[in-house]
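Could you walk me through this structure, one selection at a time? I have it open in my viewer and would like to know what to click on next and what I will find there.

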Amino acid sequence: MPEVLDQIAFADSSQDYEPQILANLCRNSFEDFVRHFWQCIPGVGKLLWNWHLSVFCQEMQNAAERVFRGEPREYDLVFNVPFGTSKSSIISILFQAWVWTRMPEARFICATYTQALVLDLSSKAMKVITSEKYIECFPGISLVKESEAYFMNNHGGCRLTSTVGGKTPIGFHATFILLDDLIDPQGVHSEAELDTASRFVTEVIPSRKTDRLVSLTVLVMQRLHYLDPTAVMVMEGEKEGAIPVRHVCLPGELLDGIPVSPSELRERYVDGMLDPIRWPRKILNENRAKGEKFYNAQVRQQPVAPGGSM
């Protein structure tokens, strides 16, 4: 499949660079940072590069550059992609480590639906920052407090973990707020859980920014419900006077009537597949066998409302 080979590249970060050369390369490009520091994530497998990972990196860097310059953000970000597409590794683990190479004083709030998941993501981010390779390239950054729930570097930059229905970030403000899977897929049909997640997005998070004009909020998740946090954030961004939301939606399968955002990314799909390596046709079919409701939401990113309407 030559088309697949054109779209999919096996990332090779084995090339040796002097630490200072590598540091300069990675400071300037989040994508280069991801490629070269991927193996610093504990337990991670081999990095198989697909075009959607470049989209993650470029979208995150574009938004972060304005924060680095202290300019008002143009939008907040929402990513919708199927599970198993390396979204958390890039956005919830490696992004913070990269930001600190440019803005070591940046403060982060990172939230998920469960304490176990948010602590796991925090622990892996901390392992990247304390890895031998990171220290060699960025010797000016070191941790002065190390805890999965909260860690801080020698410039005052820090990371606080939070959960939607439990521990909240009251009294703490952040430069970057990263929201990763705010709803448990098993409890998505609970009105109480949906309401809790909605209030977290609309009431808790907006008040936790160091600068209301500059600080960036990023939500990444697979769609679960037509009133899930993606829907809430997009609707909030459409209100008069609100900061818009840039919605990046990449369904696992490309079909007529299923939107891709930005729309020009439809051209990047190979035989209707987002990622022929992670999500080949066989895996798509296996997941479709779990039921159309599951498949439409978590793979196609098109949750269906009760009664069958979109």
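Here is a tour of this predicted model, going from the sheet to the helices and then to some single residues.

**Stop 1: the sheet**

Begin by showing the strands. Eight of them make up an open sheet, and following the order 5-6-7-4-8-9-3-10 takes you across it. The pairing is mixed. Now colour strand 5 (143-145) and strand 10 (245-249), which stand at the edges. Each has a single partner strand, so one side of each has no neighbour in the sheet. As you step from one strand to the next, the twist averages 20 degrees.

Next, select residues 107-112, which are strand 4, together with residues 176-180, which are strand 8. These two strands run parallel and are joined by four bridges. For one pair to click on, pick Ala-111: its bridge partner in strand 8 is Leu-179.

**Stop 2: a helix across the sheet**

Add helix 6, residues 115-129. Which strands does helix 6 lie across? They are strand 4, strand 5, strand 6 (150-153), strand 7 (158-163) and strand 8. Against strand 7, helix 6 runs at about 165 degrees.

**Stop 3: helix 5 and its two partners**

Two packed helices are described by the angle between their axes and the distance between the axes. Keep that in mind for the next two selections.

Keep helix 6 on screen and bring in helix 5. The axes of these two helices come within 9 Å and cross at roughly 40 degrees. That angle makes helix 5 oblique to helix 6. The crossing of helix 5 and helix 6 is right-handed. To see where they meet, show the side chains of Ser-88, Ser-92, Ile-93, Leu-94, Gln-96, Ala-97 and Trp-100 in helix 5, then Leu-121, Lys-124, Ala-125, Val-128 and Ile-129 in helix 6. Sorted by class, this contact of helix 5 with helix 6 holds eight nonpolar, three polar and one charged residues.

Now hide helix 6 and select helix 3 (residues 30-37) with helix 5 (residues 87-102). Their axes are 10 Å apart, and the packing angle is about 110 degrees. Helix 3 and helix 5 are therefore roughly perpendicular to each other. Here too you can look for the handedness: helix 3 and helix 5 cross in a right-handed way. On the helix 3 side, Phe-30, Phe-33, Val-34 and Phe-37 make the contact, and on the helix 5 side it is made by Ile-90, Leu-94, Phe-95, Ala-97, Trp-98 and Thr-101. By class, the contact between helix 3 and helix 5 has nine nonpolar residues, one polar residue and no charged residues.

Stay with helix 3 for a moment. Which of its residues are buried? They are Phe-30, Phe-33, Val-34, His-36 and Phe-37. Widen the view to find what these buried residues pack against: helix 2 (19-28), strand 2 (48-49), helix 4 (51-68), helix 5 and helix 7 (132-137).

**Stop 4: helix 9**

Move on to helix 9, residues 229-237. Its buried residues are Pro-229, Thr-230, Ala-231, Val-232, Met-233 and Gly-237. They pack against strand 3 (76-80), helix 8, strand 9 (216-221) and strand 10.

**Stop 5: the loop after strand 8**

Select Leu-182, in the loop between strand 8 and helix 8 (191-204). Is Leu-182 buried or exposed? Its relative accessibility is 1%, so Leu-182 counts as buried. Leaving out residues up to four places away in sequence, Leu-182 touches Ala-111, Thr-112, Tyr-113, Val-164, Ala-197, Phe-200, Val-201, Leu-219 and Pro-229. You can also draw a distance from Leu-182 to Thr-230: they are 48 residues apart along the chain, and their C-alpha atoms are separated by 9.6 Å.

**Stop 6: backbone details**

Most residues other than glycine have a negative phi, and most peptide bonds are trans. The last few selections depart from that pattern.

- Asp-181, in the loop between strand 8 and helix 8, has a positive phi of about 55 degrees. Asp-181 is buried, with a relative accessible area of 13%.
- Asp-271, in the loop between strand 10 and helix 10, has a positive phi of about 50 degrees. At 54% relative accessibility, Asp-271 counts as exposed.
- Pro-262 is in the loop between strand 10 and helix 10 (281-288). The peptide bond leading to Pro-262 from Ser-261 is cis, with omega near -5 degrees.

Definitions and conventions
Residues are numbered from 1 along each chain as its sequence is written. This is a predicted model: local features need pLDDT of at least 70, side-chain atom pairs count only at pLDDT 80 or more; totals for chains, interfaces and linings use all residues. Side-chain values use heavy atoms; hydrogens and water are left out. Two strands pair if DSSP finds at least two bridges between them. Axes are lines fitted to C-alpha atoms, for helices over the stretch in contact, and angles run from 0 to 180 degrees between N-to-C directions. Contact means heavy atoms within 4.5 Å. Angles under 35 degrees count as roughly parallel, over 145 as roughly antiparallel, 65 to 115 as roughly perpendicular and the rest as oblique. A crossing is left-handed if the near helix is turned anticlockwise from the far one by less than a right angle, and right-handed if clockwise. Ala, Val, Leu, Ile, Met, Phe, Trp, Tyr, Cys and Pro count as nonpolar, Asp, Glu, Lys and Arg as charged, and the others, Gly among them, as polar. Buried means under 20% relative accessible area, exposed over 50%, partly exposed in between (1.4 Å probe, protein chains only).
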